[in-house]
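The following exercises are to be worked through with the sequence and the structure in view. Attempt each task before reading its solution.

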Amino acid sequence: MRPELSVVVPCYNEAGNLEPLVERFRALSGRAAFELILVDNGSQDATPEILAALLRSPGNSFLRVLRVEINRGYGDGLRRGLESALAPIVAFTHADLQCPPDDIWTARDIYLRETPSGPCLVMGRREGPRGALERFVSWGFSRLSAWRLGLSSAEAGPGSPRRAPDINAQPKLFGRDLIGRLSAGPLDFTFDLFVLHAARVEGLRIVEFPVRYLPRERGESKLAAGLRARLRNAAAALRLMASLRVRS
């Protein structure tokens, strides 16, 4: 049976999160026919062995694993996973369990309600407690991206005001027609920004809904692992914004 929904999750050295992640998706298996594509993005820990064991479990028939031998970046793994998706609706999120899988089903319900009014991309908008510095950086990045690339979003429903989208919030869900435009996307963490740019170019509305991130219990963040990583990612985002403005 062809799945109704494909969920792509890139995994790089997330061995401690894989079993609980699959367990949480298994609990949702009665809500829609879906496939969970875990992209082993060149992991150097026990990820391959754990994924092999999860694939052998008879309760995980929804699970697919895509192995990328050499890690070229978050965007590369995510793009490969999306290109392998079989369903007409695709979504992606993180493997760190900070983003509850239930949010993907909420995004799907919104997508099905909103698409009769025109094609859209549905994504989370982070609410709840976060550090002051993280909140300020996220706000500034979103405003700058909106200004440079013409991005805007609104909550579901008529009359919602437009605003700058929360660029790196998860999940993101859209129709598979957008995947072809993502083949030229960046290899690194700026892939999320490129997805929203591609959606704007294709005429998709960006629809947001509130989500709450949970504390990371295992492993460490790859996006914001220290000041040096933050600065490197910020520089990459600025370069991407400049190049996309020329192309848009």
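The model used in these exercises is predicted.

**Exercise 1. An aromatic pair between two strands**

Determine whether F92 and F174 are buried or exposed, and classify the aromatic pair that they form.

Solution.
Step 1. Both F92 and F174 are buried.
Step 2. Y74 and F189 provide a case for comparison. Among the six aromatic pairs found in the whole structure, Y74 and F189 form a stacked one, with 4.9 Å from centre to centre and 20 degrees between the planes. Planes under 30 degrees apart count as stacked.
Step 3. The partners Y74 and F189 lie 115 residues apart in the chain, Y74 in helix 3 (residues 74–83) and F189 in the loop between strand 7 and helix 6.
Step 4. Y74 has a relative accessible area of 10% and is therefore buried, whereas F189, at 22%, counts as partly exposed.
Step 5. F92 and F174 form an edge-to-face pair, with 6.3 Å from centre to centre and 75 degrees between the planes.
Step 6. This pair also links distant parts of the chain: F92 belongs to strand 4 and F174 to strand 7, 82 residues apart.

**Exercise 2. The sheet**

State the order of the strands in the open sheet, and identify which strands stand at its edges.

Solution.
Step 1. The open sheet has eight strands in the order 3-2-1-4-7-5-8-6, and the pairing is mixed.
Step 2. Strand 3 and strand 6 (154–155) each have a single partner strand, so one side of each lacks a neighbour in the sheet; these two strands stand at the edges.
Step 3. Strand 4 and strand 7 run antiparallel and are joined by four bridges. Here I89 stands opposite G175 of strand 7.
Step 4. Strand 5 (residues 120–127) also pairs with strand 7 (residues 172–175) in the antiparallel sense, over two bridges. V122 stands opposite L173 in strand 7.
Step 5. Helix 6 (residues 191–201) lies across strands 4, 5, 7 and 8, and runs at about 140 degrees to strand 5.

**Exercise 3. The two sides of helix 2**

Explain why the buried residues of helix 2 lie on the same side of the helix.

Solution.
Step 1. The buried residues in helix 2 (residues 47–56) are T47, I50, L51 and L54.
Step 2. These residues cover an arc of only 100 degrees around the axis, and they are therefore on the same side of helix 2.
Step 3. A general rule applies: an α-helix has 3.6 residues a turn, so residues three or four places apart point the same way.
Step 4. E49 and R56 are exposed on the other side of helix 2.
Step 5. The cover over the buried residues of helix 2 includes helix 1 (15–26), strand 2 (34–41) and strand 3 (63–68). Helix 2 lies across strand 2 and strand 3, at about 155 degrees to strand 3.

**Exercise 4. The nonpolar cores**

Identify which residues of the largest nonpolar core touch the most other members.

Solution.
Step 1. The largest nonpolar core has 34 residues, of which L5, F25, L36 and L38 touch the most other members.
Step 2. Elements giving two or more residues to this core include strand 1 (5–11), helix 4 (102–114) and strand 8.
Step 3. Beyond its neighbours within four places in sequence, L38 has contacts that include V9, L18, L51 and L66.
Step 4. A second, separate core of 33 residues includes V39, F92, L204 and I206.
Step 5. F25 also belongs to an aromatic cluster with F34, F62 and W105.

Terms used
Residues numbered from 1 in each chain as written. Predicted model: local features only at pLDDT ≥ 70, side-chain atom pairs only at ≥ 80, totals over all residues. Heavy atoms only, no water. Buried < 20%, exposed > 50% of the residue type's maximum accessible area, 1.4 Å probe, protein only. Arc of directions from axis to C-beta. Contact = heavy atoms within 4.5 Å. Pairing = 2+ DSSP bridges. Axes fitted to C-alpha atoms, helices over the stretch in contact; angles between N-to-C directions. Phe/Tyr/Trp six-rings, centres within 6.5 Å; stacked < 30°, edge-to-face > 60°. Core = buried A, V, L, I, M, F, W, Y, C linked by side-chain atoms within 4.5 Å.
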